[in-house]
Amino acid sequence: RIVILRIGHRPERDQRVTTHVGLTARALGAQGMYLAADDKGVVESITDVVSRWGGTFFIEDKVSWKRCIADWKAAGGKVVHLTMYGINLPDAIGGIREVDGDLLVIVGAEKVPGEIYGLADFNVAVTNQPHSEISSLAIFLDQFAEGRELNLEFKDAHIIVHPCPLGKRTEER
Ligand code: SAM
């Protein structure tokens with residue numbers, strides 16, 4: 001089980017990026033996202049996608065990141081923090097795949113509190129270059145599942161896409 005913890009979200013400017021973090025997490029096989037901020041808009045957008053496109057992805061806002069990390073660890077889970085300053089993914093992924101238990105994957109927005117680095121079991125970089133929480137999460141999830149997540153199917157979907165080389169083909173159920 002993989003769950004995302006999104007910290008540092010500023011409702012006035014991060015709504016779109018945080019929504020895309022959630023949608024990326026869902027599409028690539030994570031089970032849910034905790035949001036360490038109060039933002040009904042993000043919760044509504046993601047809930048709306050889940051209700052139409054299926055699956056059981058959860059979104060919970062107004063989470064205290066400290067409490068979330070403490071509870072996760074107390075339940076035996078491990079914590080991965082995605083940061084450009086961490087161990088580069090090719091050197092870290094083997095150890096993470098060996099974790100026997102749930103993973104909480106933390107992504108930041110602007111500046112991450114220094115304490116997070118010490119609380120994480122793994123500080124992992126997706127290259128040691130600055131880019132984005134969306135891209136780093138996508139690549140992490142893909143490498144973790146070795147591509148298998150690309151063929152996931154979502155239960156109880158009301159819309160499904162029938163892939164086609166040209167144009168759009170969808171089915172409403
Ligand atoms: N400069 C900020 C800092 O030092 O904490 C990070 C800003 S970055 C736009 C927002 C988030 O994207 C980071 O908190 C991290 O989770 C993720 N991120 C950006 N580049 C990354 C990289 N190369 N590897 C892993 N995560 C990255």
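Which element gives the most to the shell around the ligand? Keep that in mind while you get your bearings; we'll come back to it. One caution before you click anything: this is a predicted model.

**Stop 1: the whole chain**

Show everything as a cartoon. You should be able to pick out six helices and eight strands. Start at the N terminus and trace along: the elements run β-α-β-α-β-α-β-α-β-α-β-α-β-β. The radius of gyration is 16 Å, close to the 16 Å that the globule rule gives for 173 residues, so the chain is as compact as a globular protein of that length. If you draw a box along the principal axes, the C-alpha atoms fill roughly 45 × 35 × 30 Å.

Now think about contacts between residues at least 6 apart in sequence: 79% of them join residues at least 24 apart. As for burial, 29% of the 173 residues count as buried.

**Stop 2: the core**

Next, select Ile4, Leu5, Leu82, Leu104, Val105 and Ile106. In the largest nonpolar core, which has 37 residues, these touch the most other members. The largest share of that core, five residues, comes from β5.

Zoom in on Leu5 for a moment. Leaving out residues up to four places away in sequence, Leu5 touches Tyr34, Ala36, Trp65, Cys68, Leu104 and Ile106. Two of those names, Leu104 and Ile106, were also in your core selection.

**Stop 3: around the ligand**

Centre the view on the ligand. It is surrounded by 18 residues, and the closest are Leu82, Met84, Gly108, Glu133 and Ser136. Colour the shell by class and you get eight nonpolar, seven polar and three charged residues.

Where does the shell come from? Both β4 (78-88) and α6 (133-145) supply at least two residues each. And here is the answer to the opening question: β4 gives the most, with three residues. Leu82 is worth a label, since you have now met that residue in the core and beside the ligand.

**Stop 4: the annotated site**

Select Leu82, Gly108, Ala109, Glu110, Lys111 and Val112. An unreviewed UniProt entry annotates these residues as "binding site". They are spread over 31 residues of sequence but cluster in space, with a largest C-alpha distance of 12.9 Å.

Take Gly108 by itself. Look for it in the loop between β5 (103-107) and α5 (115-119). Is Gly108 buried or exposed? It falls in between: Gly108 is partly exposed, because 19 other C-beta atoms lie within 10 Å and a residue needs 20 or more to count as buried. Beyond residues up to four places away in sequence, Gly108 touches Ile7, Gly8 and Glu133. Glu133 should look familiar, as one of the residues closest to the ligand.

Move along to Val112, which sits in the loop between β5 and α5 too. Val112 has 18 C-beta neighbours inside 10 Å, so it counts as partly exposed. Setting aside neighbours within four places in sequence, Val112 is in contact with Ile7, Gly8 and Thr83. Ile7 and Gly8 are on the contact list of Gly108 and on that of Val112, so to speak a pair to keep on screen.

**Stop 5: out to Glu12**

Finish by selecting Glu12, in the loop between β1 (2-6) and α1 (15-27). Glu12 is exposed, because just 6 other C-beta atoms lie within 10 Å. Then draw a distance from Glu12 to Gly55: the two are 43 residues apart in sequence and 29 Å apart in space, C-alpha to C-alpha.

Definitions and conventions
Residues are numbered from 1 along each chain as its sequence is written. This is a predicted model: local features need pLDDT of at least 70, side-chain atom pairs count only at pLDDT 80 or more; totals for chains, interfaces and linings use all residues. UniProt positions are given in the numbering used here, feature names are shortened, and annotations may be inferred rather than shown by experiment. Helices (H or I, at least four residues) and strands (E, at least two) are DSSP runs, numbered from the N terminus. A residue is buried if 20 or more other C-beta atoms lie within 10 Å of its own, exposed if 12 or fewer, and partly exposed in between; C-beta atoms are placed from the backbone. Two residues are in contact if their C-beta atoms, placed from the backbone, lie within 7 Å. A nonpolar core is a set of buried Ala, Val, Leu, Ile, Met, Phe, Trp, Tyr and Cys residues joined through C-beta atoms within 7 Å. A residue is near a molecule or strand if its C-beta atom, placed from the backbone, lies within 6 Å of it. Ala, Val, Leu, Ile, Met, Phe, Trp, Tyr, Cys and Pro count as nonpolar, Asp, Glu, Lys and Arg as charged, and the others, Gly among them, as polar. The radius of gyration is taken over C-alpha atoms; the globule rule is 2.2 Å times the number of residues to the power 0.38.
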